[in-house]
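Reader: I should like to examine this structure through a series of questions. Please show it before we begin.

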Amino acid sequence: MGLCRERLVPLVLLLQAQVCWPPCAASDPCPPRLGEAEVTLEAASTELQPGPAVFAGCPGQQATLPGIGNDDFSVLAQGTVQERKGAEVSPLKRILRRHKREWVVPPISVPENSKGPFPQRLYQLKSSKDRGTKIFYSVTGSGVDSPPEGIFSIEKETGWLLLNKPLDREKIAKYELFSHAVSENGASVENPMNISVIVTDQNDHKPKFTQDVFRGSVLEGVLPGTSVMQVTATDEDDAITTYNGVIAYTIHSQEPKDPYDLMFTVHRSTGTISVISSGLDREKIPEYTLTIHATDLDGEGSSATAVAIVEILDTNDNAPVFVPHKYEAQVPENQVGQEVKRLTVTDLDAPDSPAWRATYRIVGGDEAGHFTITTDPESNQGVLTTRKGLDFEAQSQHTLYIEVTNEVPFVVKLPTSTATVVVHVEDVNEAPVFVPPSKVIEAQEGISVGETVCIYTAQDPDKEGQQISYHILRDPAGWLAVDPDSGQVTAAGSLDREDERFVKNNVYEVMVLATDNGSPPATGTGTLLLTLTDINDHGPLPEPRHITICNQSPVPQVLNITDKDLSPHSSPFQAQLTHDSDIHWMAEVNEKGDTVALSLKKFLKQDTYDVYLSLSDLGNKEQLTVIRATVCDCHGHVDACPERWKGSFVFPILGAILALLFLLLVLLLLVRRKRKVKEPLLLPEDDTRDNVFYYGEEGGGEEDQDYDITQLHRGLEARPEVVLRNDVAPTFIPTPVYRPRPANPDEISNFISENLKAANTDPTAPPYDSLLVFDYEGSGSDAASLSSLTSSASDLDQDYNYLNEWGARFKKLADMYGGGDDQD
């Protein structure tokens with residue numbers, strides 16, 4: 001290297017090495033690894049020229065020259081070794097030797113389903129650092145210490161990688177392991193290295209169809225090449241790098257084999273079934289059954305079988321045909337919607353399909369449009385009915401031609417079927433027909449009863465002459481009558497154009513009935529429209545008929561005038577006031593003559609008044625109307641009278657009540673004064689006569705029946721004058737009649753006066769003046785003194801002093817029987 005540089009011949013660089021370890025899997029990327037190559041540089045001179053260094057290996061790996069100083073050489077792109085400037089090369093031959101490096105493992109391919117024996121050696125790991133040092137090897141990863149565990153292991157000292165059981169590519173196609181190398185003291189001598197174990201495929205699985213039965217459909221009559229359906233099978237074996245999973249499809253059999261043995265074909269790779277022959281006819285063969293095989297190894301291996309059912313769909317390739325082709329029917333005349341006949345067809349196409357459902361059309365014999373035909377959705381029959389009523393007298397027989405097709409067009413040109421229907425019209429008794437059916441006439445309202453309005457008759461369509469009678473079928477107001485034989489219509493009541501209940505737009509509608517004498521009788525109706533002309537039979541009327549007006553500075557009340565009559569029996573109108581209403585009121589008609597203004601011209605107190613307003617129309621038809629006018633105490637305009645104070649009628653009633661109370665008070669004072677001056681009920685104390693009072697019943701005891709009781713009643717003739725009391729209501733004096741309360745407040749005063757007089761003479765009103773009747777025994781009595789009775793002797797031992805405690809009324813008795821001192 002220290003020699004002077006001289007110009008030398010080109011130095012040829014020969015690279016005699018390959019940096020790649022066979023075998024390399026084309027499908028796997030090259031893992032990062034180290035590689036060494038021996039590069040021999042032969043120099044015949046002191047100057048080196050660039051030369052190629054060829055590397056055969058994995059693309060993308062960079063080549064270097066580790067045995068030569070980086071200052072002398074460099075490796076360029078595409079493996080070219082170049083001398084750096086200033087490099088000195090010895091003229092002697094320098095040999096760069098390759099150092100073998102074994103800590104690199106290429107992908108290991110292992111076939112699946114190996115039979116052993118196990119464990120089976122796969123590859124021996126070797127570290128370059130095992131010189132003078134004992135190395136221990138280990139391996140980790142899926143299949144070793146992670147699920148599925150125990151598939152791989154390694155001999156610790158030799159480095160042999162072992163397979164412990166068969167592999168299954170369909171479960172795991174590739175295992176990634178990591179190898180480790182450590183010294184005796186446990187120190188790592190190599191970096192962990194990746195080991196890829198690729199499981200190679202064997203044809204250990206048969207193809208499987210995705211379903212046992214495949215169903216498809218195709219229209220009948222389609223051209224060859226039409227796709228029908230696709231069948232699919234799968235194979236778990238490898239179909240990428242081997243043919244183990246490559247499936248080929250074939251048709252093994254076809255049932256039935258008509259019209260040809262091979263009506264269908266299947267694509268070998270895709271499984272698409274197509275039509276290969278023409279002649280598919282649903283009416284002959286509606287369905288084909290194909291047996292399909294799927295074989296792996298591209299048709300050379302194991303097979304699976306499935307069934308493909310091809311349904312042939314219907315097309316409208318068959319025309320409907322009438323069965324039979326000729327029909328006859330009987331139809332009564334004048335029947336609308338009458339079923340005439342049902343027509344039957346046959347069709348070979350699929351039932352209830354558009355190619356089977358029939359469509360009928362009348363193609364001849366019905367120029368007047370008397371008939372129509374429809375399809376029965378249930379039976380597919382054609383139902384012929386009458387669209388108009390048939391007339392036996394006009395045409396007794398109809399011959400119809402009817403064509404039938406389908407709902408969808410024919411796919412091929414086919415002849416259509418036609419049927420003939422002969423319809424015989426039966427004669428029936430037809431109803432009379434009014435001419436015209438609706439008759440309009442003019443009639444004046446108010447015509448006399450019995451006056452002719454019009455003549456309205458009907459005609460019999462039957463050829464045989466029949467007698468027709470007439471009747472009124474509908475006459476809302478009962479204004480008309482009809483002669484049953486001639487059909488003459490006369491007035492049966494007063495026609496009133498203004499009667500809005502029956503007349504609409506001046507037209508009164510009546511329905512007339514005509515009946516023939518056929519068997520059975522037939523009836524027809526006609527409508528009579530009477531346009532009523534107007535007469536001046538209604539006078540004008542004002543609206544409204546109730547007004548409210550102020551009695552001070554009143555605003556005129558405008559009334560609208562209406563007249564049910566038409567011009568010239570209506571406006572302009574005239575107005576005048578009658579029955580002395582013009583004294584306080586004034587009526588003025590406007591210029592058009594259709595309103596009247598009613599106003600107050602003299603003061604009236606607040607009240608309700610009747611105003612007599614007479615209105616006349618242009619035809620001098622006069623109408624008197626009473627207007628109810630409410631006059632209010634107000635100024636100007638008013639809608640309703642203000643309410644009066646409700647206390648105005650209270651004062652008279654209150655005054656009457658006070659007067660009545662005052663009179664009652666005076667009466668009480670007079671009665672009280674009279675009580676003070678009347679004789680006391682008890683005798684004076686100095687009157688020591690024994691007195692017996694009559695209490696209504698006196699009879700002797702069981703031992704006192706031998707005296708004359710009449711002697712006790714003789715004293716009544718000598719009794720003192722009547723003494724009145726005010727604490728008991730008498731029962732022998734009749735009660736006076738009181739006047740009921742009047743409805744008119746003005747009579748309240750008389751009511752109070754009269755009832756006050758009645759109350760003053762009423763002994764039943766408190767305070768009561770009563771006559772208490774007792775038997776008086778005094779002077780002149782024939783009876784002996786009661787003190788002589790023996791009963792008094794028995795009372796000598798009695799103590800009557802307690803009578804003193806009973807009050808003044810019993811003081812006399814206490815003095816008589818109490819044993820007090822006699823003051824005489």
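Author: F209 has a relative accessible area of 13%. The model is a predicted one. Buried means under 20% relative accessible area, so F209 counts as buried.

Reader: Which residues does a cluster of ring pairs link with F209?

Author: F209 forms an aromatic pair with F214, at 6.1 Å centre to centre and 70° between the planes, and the pair is edge-to-face. F214 is also buried, at 5% relative accessibility. Ring pairs link F209 into a cluster with F214 and Y249.

Reader: Which strand gives the most residues to the largest nonpolar core?

Author: The largest nonpolar core has 26 residues, and those with the most contacts inside it are F209, F264, I273, L280 and V310. At least two residues of this core come from each of β15 (213–219), β16 (227–230), β19 (264–266), β20 (272–275), β21 (287–295) and β22 (303–313). The strand that gives the most, with five residues, is β22.

Reader: With which residues is I273 in contact, leaving aside its neighbours within four places in sequence?

Author: I273 is among the residues with the most contacts inside the largest nonpolar core. Leaving aside neighbours within four places in sequence, I273 is in contact with S227, V228, M229, Q230, V231, F264, T265, V266, L290, I292 and A308.

Reader: How many aromatic pairs does the structure hold, and why is the pair of F152 and Y175 edge-to-face?

Author: The structure holds nine aromatic pairs. In the pair of F152 and Y175, the ring centres are 5.1 Å apart. Planes over 60 degrees apart count as edge-to-face, and the planes of F152 and Y175 lie at 75°.

Reader: How many residues apart in sequence are the parts that the pair of F152 and Y175 ties together?

Author: F152 is buried, with a relative accessible area of 2%, and Y175 is buried, with a relative accessible area of 4%. F152 lies in strand β10 (residues 152–154) and Y175 in strand β12 (residues 174–182), so the pair ties together parts separated in sequence by 23 residues.

Reader: What do the end C-alpha atoms of helix α3 say about its span, and on what arc do its buried residues lie?

Author: Helix α3 (residues 748–760) has 13 residues, which at 1.5 Å a residue should span 18 Å, and its end C-alpha atoms are 18 Å apart, in agreement. The buried residues of α3 are I748, F751, I752, N755, L756, A758 and A759. They lie on the same side of α3, because around the axis they cover an arc of only 160°.

Reader: Where are P324 and P436 found, and what is omega for the peptide bond that precedes each?

Author: P324 is found in the loop between β23 (321–322) and β24 (326–332), while P436 lies in the loop between β32 (433–434) and β33 (438–444). The bond joining V323 and P324 is cis, with omega about 0°. The bond from V435 to P436 is cis, with omega near -5°.

Reader: Is D352 buried or exposed, and what is its phi?

Author: D352 is found in the loop between β26 (345–346) and β27 (358–364). At 55% relative accessibility, D352 counts as exposed. Its phi, a positive value in a residue other than glycine, is near 60°.

Reader: What is phi of N506?

Author: N506 has its place in the loop between β38 (488–491) and β39 (507–516). At 27% relative accessibility, N506 counts as partly exposed. Phi of N506 is positive, in a residue other than glycine, and is near 70°.

Note on methods. Residues numbered from 1 in each chain as written. Predicted model: local features only at pLDDT ≥ 70, side-chain atom pairs only at ≥ 80, totals over all residues. Heavy atoms only, no water. Helix = DSSP H or I, 4+ residues; strand = E, 2+ residues; numbered from the N terminus. Expected span 1.5 Å × (residues − 1). Buried < 20%, exposed > 50% of the residue type's maximum accessible area, 1.4 Å probe, protein only. Arc of directions from axis to C-beta. Core = buried A, V, L, I, M, F, W, Y, C linked by side-chain atoms within 4.5 Å. Contact = heavy atoms within 4.5 Å. Phe/Tyr/Trp six-rings, centres within 6.5 Å; stacked < 30°, edge-to-face > 60°.
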